[in-house]
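Please open the model in a viewer and keep the selection panel at hand. The tour below proceeds one selection at a time.

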Amino acid sequence: MNTPHRPTIQVQGLTRVFRTYKKKPGVLGALRGVFHREYEQTAAVNDVSFTVEEGECVGFLGPNGAGKTTTLKILSGLLHPSSGSASVLGYTPWNRLIEFRRQFALLLGQKNQLWWDLPARESLELNGRIYGIPRGDFDRRVCYLTELLRVRDKLDVMVRELSLGERMKLELIAALLHQPKVLFLDEPTIGLDVISQRTVREFLREYNRTHRTTILLTSHYVADIEALCRRVIIIDRGSIFFDGKLEEVVDRFARSKIVTVELEGSLVPPAEDLETFGRVLEQTPGHFRLKVPRQRVVAVCKAIFEKFPVADLDIEEISVEDIVRNLFLRADNPQGGGDTIFSFRRAA
Amino acid sequence: MTTCWHIFNIGLQNTLSYRVNFFARALFNLIPLLAIVAMWRAIYAGKSGDVSGYILAQMISYYLLVTIVESMTSVTEDDWQIAAEIKDGHIGQFLTRPIDYLHYRLCLFFSGRVVYTLAATIPVGLFVYWHREYLVRPHDGVAIAAFILSLALSAVLQFLLSYLIAMLAFWVLEISTFVFILLACERIASGQMFPLDILPSWLAQAVMWTPFPYCIFFPVSIYLGKISGAALVQGLILQVLWVATLYALARLVWRRGLKTYTVVGG
């Protein structure tokens with residue numbers, strides 16, 4: 001039989017508009033709101049399209065309010081899109097068929113599904129029943145997962161007494177017991193200490209590798225995504241800004257490199273000389289920093305060596321972290337700012 | 001089924017943390033009851049004979065049974081919890097997992113009833129023991145069986161009423177007003193405050209068409225042998241019909257609520 005290939009997740013033109021009520025300031029505004037309300041339409045997700053293949057681990061990166069969580073909620077059936085289509089494992093998520101629900105898991109880093117006043121084991125047992133996991137499999141999986149995440153000894157501790165990191169790990173175990181084919185993770189490392197963050201990342205990488213689980217993860221830590229995902233989708237103000245390999249982000253958005261030069265003595269080269277190489281970012285006696293377009297870096301360095309008594313020269317690649325931070329800064333302050341090193345252009 | 005059993009189990013463990021709360025509640029529920037009993041004693045002292053077919057002993061045994069039925073069937077924390085789960089988005093985890101929220105809450109409700117009944121045993125038991133001469137035996141075997149059946153149905157009925165009120169949390173920010181309206185209706189129309197058959201008969205009959213008498217008055221009347229034969233069968237049918245209707249309504253409202261939740265909210 002020849003079945004046509006179908007990606008695990010397929011999203012086409014997904015848009016989600018929220019209607020928010022705009023209250024005028026003060027008591028008068030509140031009173032006016034009783035009779036006549038003004039609503040404002042905001043698109044949390046705006047014409048988003050992408051596909052994810054089986055076993056891929058894709059990172060959603062973007063500032064707060066960019067639409068990451070909304071997208072995950074739509075894909076798990078918690079929200080209806082205003083328009084557009086999506087299919088996950090061949091199901092339309094918002095129909096919420098039982099068959100679909102058996103095959104995926106959604107983990108929201110800010111919400112907990114574990115019973116607060118009971119040991120985590122009870123919540124795991126409950127999930128075991130809900131998903132109808134045979135006893136033997138259940139025990140084996142709990143054993144395996146608690147081992148990998150190093151929380152074996154926390155199973156019988158009241159959830160409210162666990163640290164945030166321990167709780168998150170157990171939440172993760174609860175979400176994975178039924179071996180979902182698709183895993184949606186919303187900020188899985190938020191608020192965790194550095195060591196727990198690393199454990200969770202390593203665990204997810206290992207789990208993705210061994211189980212071929214398709215993972216879609218949002219985070220505003222670039223480190224999460226660098227550690228886990230080969231592919232990243234950068235989303236900003238509801239639209240996809242970039243979709244591709246992580247290493248391509250640098251090529252794409254960092255059109256320049258930073259050249260830092262230390263000179264012998266405390267020479268001060270004339271500014272107009274430096275301007276011919278690139279933009280001067282800073283200059284003190286015996287030291288200057290330039291922003292140089294990528295394709296000119298070699299030529300510029302050669303010219304600097306010829307022209308000045310160079311003691312040290314350093315060429316820096318702009319990191320993904322920097323790019324994203326700058327992108328987020330810009331999102332917070334659309335009037336500009338921070339655009340000195342980067343050149344952003346909308347992908348679509 | 002094993003899922004339901006496990007939810008019941010978890011609910012038991014979790015609700016046990018409310019035991020002191022429940023105990024206190026059962027204890028302080030006795031105070032208005034004492035006042036009512038005192039009131040009836042005063043009323044009967046001024047006259048000989050009965051009030052609408054109740055002699056004093058029957059009147060007091062009526063209230064004893066109301067107390068017992070109430071502690072076994074009435075909703076305690078469920079409505080607030082459901083409303084909170086809707087408001088803070090906790091219901092999301094039920095929409096993404098293969099589990100039915102209504103059934104889940106029903107299992108929890110039953111574990112809550114067991115814990116509450118246990119917590120109420122001492123205060124209510126002492127109260128009943130104090131008035132033990134008034135605690136009559138049920139009429140006959142049929143009455144016992146019908147009472148137990150009706151008791152179970154009245155628990156489900158009260159749960160469904162509270163569940164429906166809690167569903168309002170999909171649309172309004174604060175459900176407490178509605179909870180108190182429901183409580184007031186239940187207080188008066190369920191027979192909790194007075195036996196419904198002391199009302200003028202046209203009013204009593206009208207009230208019997210609402211779901212409220214089936215929360216308390218109906219099972220108590222079965223126990224006391226006030227209702228039997230054809231009236232008993234008719235009452236049980238009405239009780240079942242109310243359970244079925246409210247169940248269907250609960251389903252419908254839940255679906256509607258989810259629609260607002262997933263389409264409008266987020």
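Begin with helices α3(B) and α4(B), which are roughly antiparallel to each other because their packing angle exceeds the 145 degree cut-off for that class. The angle in this predicted model is about 170°, and the two axes lie 10 Å apart. To find the pair, select residues 30-45 of chain B for α3(B) and residues 56-73 of chain B for α4(B).

Next, display the side chains where these two helices meet. On α3(B), the residues to show are B:L33, B:I36, B:V37, B:W40, B:R41 and B:Y44. Facing them on α4(B) are B:L56, B:M59, B:I60, B:Y63 and B:T67. Colouring by class gives nine nonpolar residues, one polar and one charged in this contact.

Keep α4(B) selected and add helix α7, residues 101-130 of chain B. How do the axes of α4(B) and α7(B) cross? They come within 8 Å and cross at roughly 160°, so α4(B) and α7(B) are roughly antiparallel to each other. The crossing of α4(B) past α7(B) is right-handed.

For the residues of this second contact, select B:L64, B:T67, B:I68, B:S71, B:M72 and B:T73 on α4(B). The partners on α7(B) are B:R113, B:Y116, B:T117, B:A120, B:V124, B:F127 and B:V128. By class, the contact of α4(B) with α7(B) comprises eight nonpolar, four polar and one charged residues. B:T67 merits a separate selection: this residue belongs to the contact with α3(B) and also to the contact with α7(B).

Now turn to the interface between the chains. Here 19 residues of chain B are in contact with 25 residues of chain A. On the chain B side, α1 (2-15), α6 (92-95) and α12 (229-264) each supply at least two residues. Which of the helices gives the most to this side? It is α1(B), with seven residues. The chain B side has six nonpolar, 12 polar and one charged residues.

Move on to chain A and select domain 1 (9-250), then domain 2 (255-316). A distance drawn between their C-alpha centres spans 46 Å.

Finally, colour chain B by confidence. Its mean pLDDT is 90, and 99% of its residues reach 70 or more. Within chain B, confidence is lowest in helix α2 (residues 19-28), at a mean of 86, and highest in helix α8 (residues 141-167), at 95. For the model, the scores are ipTM 0.84 and pTM 0.84.

Notes
Residues are numbered from 1 along each chain as its sequence is written. Chains are lettered from A and ligands numbered from 1 in the order in which they are written. This is a predicted model: local features need pLDDT of at least 70, side-chain atom pairs count only at pLDDT 80 or more; totals for chains, interfaces and linings use all residues. pLDDT is the predictor's confidence in each residue, from 0 to 100. Helices (H or I, at least four residues) and strands (E, at least two) are DSSP runs, numbered from the N terminus. Two residues are in contact if their C-beta atoms, placed from the backbone, lie within 7 Å. Ala, Val, Leu, Ile, Met, Phe, Trp, Tyr, Cys and Pro count as nonpolar, Asp, Glu, Lys and Arg as charged, and the others, Gly among them, as polar. Domain bounds come from an automatic or database domain assignment. Axes are lines fitted to C-alpha atoms, for helices over the stretch in contact, and angles run from 0 to 180 degrees between N-to-C directions. Angles under 35 degrees count as roughly parallel, over 145 as roughly antiparallel, 65 to 115 as roughly perpendicular and the rest as oblique. A crossing is left-handed if the near helix is turned anticlockwise from the far one by less than a right angle, and right-handed if clockwise.
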